[in-house]
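Open the model in your viewer and keep the sequence panel visible. This tour says what to select at each stop and what you will find there.

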Amino acid sequence: MKQWRIGVAFFYHESHSFVREKTTIEDFKREGFFKGQEIVDVYTGTKTEVGGFLDELALDERFSVVPLQCAAAIPSGVVTFETYEEIEAGLLKELKTAGQLDGLLLALHGAMVVEGLENAEMSLINAIREEIGESIPFATTLDMHANISPLLTECSPYHFGFKTYPHIDMYEQGRRAASAIMKHLGQRKLYEAACIKLPMLLPSVNMRTEEGPMKRMMVMAEQYEREPDILAVSVFGGFPYGDVKDAGASVLVIAKDKERAQTVASSIGEYYWGIRQEFLVNLPSINEAIDMISELEEEKPIVLADIADNPLSCGSGDTTLLIEAFLNTDLKKALIGPIADRETFEQCRKAGKGARLKLSLGGKHYPEFGRPVGLEAEVLAITDGIFYNSGPFNHGLKVDAQGAAFIRSGERDFLIIGRPLSANDPALFRHIGIEPSDYRFLVLKAKNHFRAAFDPLISKVIYVDAPGVATNKIVQLPFQKIPPGLWPINQEIQ
Ligand SMILES: [Zn+2]
């Protein structure tokens, strides 16, 4: 006989304040919008937060899952108020009709920006609290790039940030969040939390947790987590393209008592603040990057990562300055992509496999970051663009590129897809017959997530400072709403 009914929900968006297009309900419906049993069908067996919730709850037969509503869209522009309202109303309706719940698990990103709201996730949590009441425990999972409010801990102590970047511990944090609620209910293990915000907004390119300053932060977090009175420590890098009052880095600690949580959070925060300069890195320009790779002789492919047009940082995935510069060299045996270009994909699809055609590639969204590139190419393959992630990042999740075309022009191959997607999983290429490890150069629309699956295939990655919406030079962005004195935007407080 089940004793505790646990609601499961997901509302996930990372919003860029400075891109032109807004994110609408269609973007969520296209990407992932599920209710009730569909949630269990889609996420069971995936290495996602919801996959983690479901697996952990299944370990103890006293708990049953009440799937509510899941909505996720790819990182993109600010979410329209109507979209947020519709998704929130849908979730509240599910909560209303779900019957008595004993706990709630909520997967959030933490860097959603909604027109007209100061902090979208807090608005959502407050609305949920109003619906379910004050006494029902809930837990969240949050992206490492969340811009969280310090008020978050007043609604619940249970918040679990990803500890890896590339984010390959979504599933694990989902399990931890579920476990916290299960222990809260079953064993009366109760905790409190403290969160401190640091007055710094950091670019994410040097936040990988395999090396560098963020690795040290995560090692420190895990050391504290080994202490018996600490349940979890989350270190958030923040999301530097969200122009919001709560933008920036933070530390959140869950401990047996509030004072202990506060002391640990302050101590970690002090160290974090002290190493902030290490997060700022200068990247090679397009020409410098091309000079660098021209001199390299490597056995495995060399990657040029066009980080400023990384779709998972809200890039359109179709800018061309780096591509054009590469095509003007005599470097061969290259794979370029994925380029998000619906028009070009349709041309290739209509022409069919084996056709040769003149194309005007990319450069459709931001002409200031490169005009369309003219080239003649042969269509080698066409697919519907549907594949399943094979690497550690979001493993097992179905991805729909909305069409894919594999084309060849001389000794350069291209993957064209129907909508923006980062080159994060080799299955994006392999599903259409491209083997990334066969090339000498990979010119990819990607930042850090791709390294979870690609590092074994490649020899070297060069992050290129090409212009684009997800530029590493965040001090140049036209911020208006972030707090005054946020380092390094306002250099005075260095
Ligand atoms: Zn992230």
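The stops below run from an annotated span to a metal site, a strand pair, the cysteines and the empty spaces. Bear in mind throughout that this is a predicted model.

**Stop 1: the annotated span.** Select residues 5-292. The UniProt record, an unreviewed entry, places the feature "domain: Microcystin LR degradation protein MlrC N-terminal" here. Helix makes up 39% of the span and strand 21%. Now pick the C-alpha atoms at its two ends: they lie 57 Å apart.

**Stop 2: the zinc site.** Show the zinc ion and the side chains around it. Which residues coordinate the zinc ion? They are Asp143 through OD, His145 through ND1 and His167 through NE2, at 2.1 Å. Read along the chain, the donors fit the spacing D-x1-H-x21-H. Asp143 sits in the loop between β7 (138-142) and α6 (152-155), while His167 sits in the loop between β8 (158-161) and α7 (170-186), so this pair ties together parts 24 residues apart in sequence.

Switch to a surface view. Are Asp143 and His167 buried or exposed? Asp143 has 3% relative accessibility and counts as buried. His167 has 2% and also counts as buried.

**Stop 3: Thr164.** Stay in the loop between β8 and α7, where Thr164 lies. With a relative accessibility of 19%, Thr164 counts as buried, because the cut-off is under 20%. Add Met207 to the selection. Thr164 and Met207 are 43 residues apart in sequence, yet their C-alpha atoms are 9.2 Å apart in space.

**Stop 4: β10 and β11.** Select residues 230-236, strand β10. Six of the seven residues in β10 are buried, leaving the strand mostly covered. Next, add residues 250-255, strand β11. The two strands run antiparallel, joined by six bridges. For a landmark, click Phe236: Ser250 of β11 stands opposite.

**Stop 5: the cysteines.** Colour the cysteine sulfurs. How many disulfides does a search of the whole structure find? The search finds zero. Take Cys195: the closest cysteine sulfur belongs to Cys155, 11 Å away, which is too far for a bond because a disulfide needs the sulfurs within 2.5 Å. Cys195 counts as buried, at 11% relative accessibility. Then move to Cys314, which counts as buried at 6%.

**Stop 6: the largest pocket.** Turn on pocket display. The largest pocket has a volume of about 910 Å³. Its lining comprises 45 residues, and those closest to the centre are Glu31, Ile74, Leu312, Asn394 and Leu397. Select these five and centre the view on them.

Now colour the elements behind the lining. β1 (4-12), α1 (25-31), β3 (32-35), α2 (37-43), β16 (386-388) and β17 (398-400) each supply at least two residues. Which element gives the largest share? That is β17, with three residues.

**Stop 7: the cavities.** Finish with the enclosed spaces. Across the whole structure, a search finds three cavities of 30 Å³ or more. The largest cavity has a volume of about 70 Å³. Its lining consists of 13 residues. To find its centre, select Met112, Glu118, Asn119, Ala120 and Val244, the lining residues that lie nearest to it.

Notes
Residues are numbered from 1 along each chain as its sequence is written. This is a predicted model: local features need pLDDT of at least 70, side-chain atom pairs count only at pLDDT 80 or more; totals for chains, interfaces and linings use all residues. Side-chain values use heavy atoms; hydrogens and water are left out. Buried means under 20% relative accessible area, exposed over 50%, partly exposed in between (1.4 Å probe, protein chains only). Helices (H or I, at least four residues) and strands (E, at least two) are DSSP runs, numbered from the N terminus. Two strands pair if DSSP finds at least two bridges between them. UniProt positions are given in the numbering used here, feature names are shortened, and annotations may be inferred rather than shown by experiment. Donors are N, O and S atoms within 2.8 Å of the metal (3.2 Å for Na, K and Ca); water is not among the atoms, so sites may look incomplete. On a 1 Å grid over the protein atoms alone, a cavity is a set of points where a 1.4 Å probe fits but cannot get out, and a pocket is an open set with protein on both sides within 12 Å along at least five of seven lines; lining residues have an atom within 4 Å of a point. Grid points are joined across faces, edges and corners, and a volume is the space filled by probe spheres set on the points.
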